[in-house]
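User: Please go through the terms used for this model. For each one, I want to know what earns the name.

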Amino acid sequence: MFVTGTAGYGSGAIQRWSQPELGKKSEAVIAARPDQVAMAEAAIGRLRAEMPEAAYHGAVLPTKGGYYFLSADAEPHPPADGSEAAPIDLRIDPVTPKELSGETAARETTGGWGLQALHFQLHYLSLGPTPVGGFQLAAIPTLIVGAATMLMLIAIVTGTVVHRKIFADFFTFRTRKSQRSWLDAHNLSSVLALPFMVMITYSGLIFYMHDYSPVPKTMAYGTGEGAQARFEEELYGPSEIPDPAGVPAEMAPIGPMVAAGMAASPIGSISYIDIYNPGDANAQVLISPTGYDGMSYPHHLTFDGATGALLPAVEAPANPAGAFADVMMTLHAALRPADRAWTEQFGLAALAFLAIPVVNALTTQVHLGQTPFVPAAERDLVLASVDLALLAVGLFFATLAGWRLQRQPRHAPTATLLEPAE
Amino acid sequence: MTWIVPAALTLLGFAAIALSIKKHHKAVLGTFPERRRVWALRVLGWAALVGATAWCIRAFGIGYGLVVETALLNAAGVVVALTLTYRFGEAANSRGARRG
């Protein structure tokens, strides 16, 4: 959870690193700065021509690390006879704008998003609710993650109380004093990281709070049909998406709404467009301005699809926040002769991290071996930065392993983890 | 570059708070501080940290702002601690710490 949660912060970059074909093209497309208003008009215009009345129209614009093409798709209203109606799924070249062939031209991978899911869904376990008696508990991975998070929170809070004195030594770092130096480094890094640790642990619990403490919810809303829907409506307010009025209506042009979205973004761009009930008097348009990092979309603007009027903002639900526990790693290390175990673990970690860029170089066309030899304009710096970061972490562990070897040259391993303090 | 002002304020804040601790004051300025100076440094330090946080929230919004300020706090804390160690010597440092 610790490792995958940390990797989750770079999931966009790792996803792109896993699909080098796709990343470079999207970078070239974004560098060309195609007109987003024109792209949106092209995508939505085609959907309106092909399926004027539908349950949903949507367009995803090319983003850093995302699609290099313009994606447009439409969901028809479900036919009354229960049959399946065919959706539309188009991939359009953002510059020409011609339709691309069906493939994405990128390899299959779970990539960065897979690592992020591993952080809170774990693996090999059912994601469905866990039946206990007549009662439905949260999914098993959710419960495991919750137990680990709770332990982490207890450790942080009790640790802060127990170690109150470390705040007085906050700025103190004494070198070359063996155990004392480790303790100083431990104090400094832990006190600095404390606000973040409390935030990430507590918010991780809050994220699943109704799964971890289901009783109040069950008492108030019951367990029967529609209980969850009633609960969510009361919690988050009525669904933003109106039911179709059944009255056909002319849609307002998408261009001005896209322009408003671009104006609301700190980097002047939008990420995607959702249109519910297009062609209906109750149509609603969601435009998502792109966030600071060029990848995320923290909030969206809502428009009336028929009149084009901006609707009042609805509070966006809170962002997922992760939680982590490194208790297991410490336990593993403590169970083995301390000196040898540290050297081995540092060495293994170094090999594992150093191997990734090597495997990348052997299996893809875009790697550090060729980065210096391509013209500057064609260099894929996002991919290179992921490789370089992995190399740096690998070298860091290799340095630690080498330092351990040098410091304790093959004398009999001691079985204690802690040496007596000075 | 919006982060430069709050970064400077955060560094100033931590430096002032560090100087309000007697052993660090002795290491940097050679004397133990008077009570009034300790309080002045504390107030200045915390005010700078609050100011930096407010600046970040104004510039980046509450969500990003608090995250940016957390990162600045981390960086400034390391800078102040390592400056004390490597610029002002650890001898003065460690003598004071034995007492605490």
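Analyst: Start with residue classes: Ala, Val, Leu, Ile, Met, Phe, Trp, Tyr, Cys and Pro count as nonpolar, Asp, Glu, Lys and Arg as charged, and the others, Gly among them, as polar. The model is predicted: local features need pLDDT of at least 70, side-chain atom pairs need 80 or more, and totals for chains, interfaces and linings use all residues. Residues are numbered from 1 along each chain as written, chains are lettered from A and ligands numbered from 1 in written order, and side-chain values use heavy atoms, without hydrogens and water.

User: What makes the lining of the largest cavity divide as it does?

Analyst: Val366(A), Leu368(A), Leu383(A) and Ala384(A) are among the lining residues, and they count as nonpolar. His367(A), Gln370(A) and Thr371(A) also line it; they fall among the others, so they are polar. Asp380(A) and Asp387(A) line it too, and Asp is charged. The result is four nonpolar, three polar and two charged.

User: Why is it called a cavity, and how many are there?

Analyst: On a 1 Å grid over the protein atoms alone, a 1.4 Å probe fits there but cannot get out, so it is a cavity; lining residues have an atom within 4 Å of a point. One cavity of 30 Å³ or more is counted. Its volume, the space filled by probe spheres on points joined across faces, edges and corners, is about 30 Å³.

User: What makes the second largest pocket a pocket?

Analyst: A pocket is an open set with protein on both sides within 12 Å along at least five of seven lines. This one has a volume of about 450 Å³. Of its 20 lining residues, the closest to the centre are Phe170(A), Phe14(B), Ile17(B), Trp46(B) and Leu49(B). α3(B) gives the most, eight residues. The lining divides into 15 nonpolar, three polar and two charged.

User: Why do Glu50(A) and Arg46(A) count as a salt bridge?

Analyst: The rule asks for a side-chain nitrogen of Lys or Arg within 4 Å of a carboxyl oxygen of Asp or Glu. Their closest N and O atoms are 3.2 Å apart, so the pair qualifies. Both lie in helix α4 (residues 36–50) of chain A, four residues apart, about one turn. Helices are DSSP runs (H or I, at least four residues).

User: How many salt bridges join chain A and chain B?

Analyst: Zero. The whole structure has two over all chains.

User: Which residues of chain A lose the most area to chain B?

Analyst: About 1,800 Å² is buried between the chains, meaning accessible area (1.4 Å probe) lost on being put together, summed over both. In chain A, Phe171(A), Leu192(A) and Tyr292(A) lose the most, together 39% of what that side buries.

How values were computed: Buried area = accessible area lost by both parts, 1.4 Å probe. Helix = DSSP H or I, 4+ residues; strand = E, 2+ residues; numbered from the N terminus.
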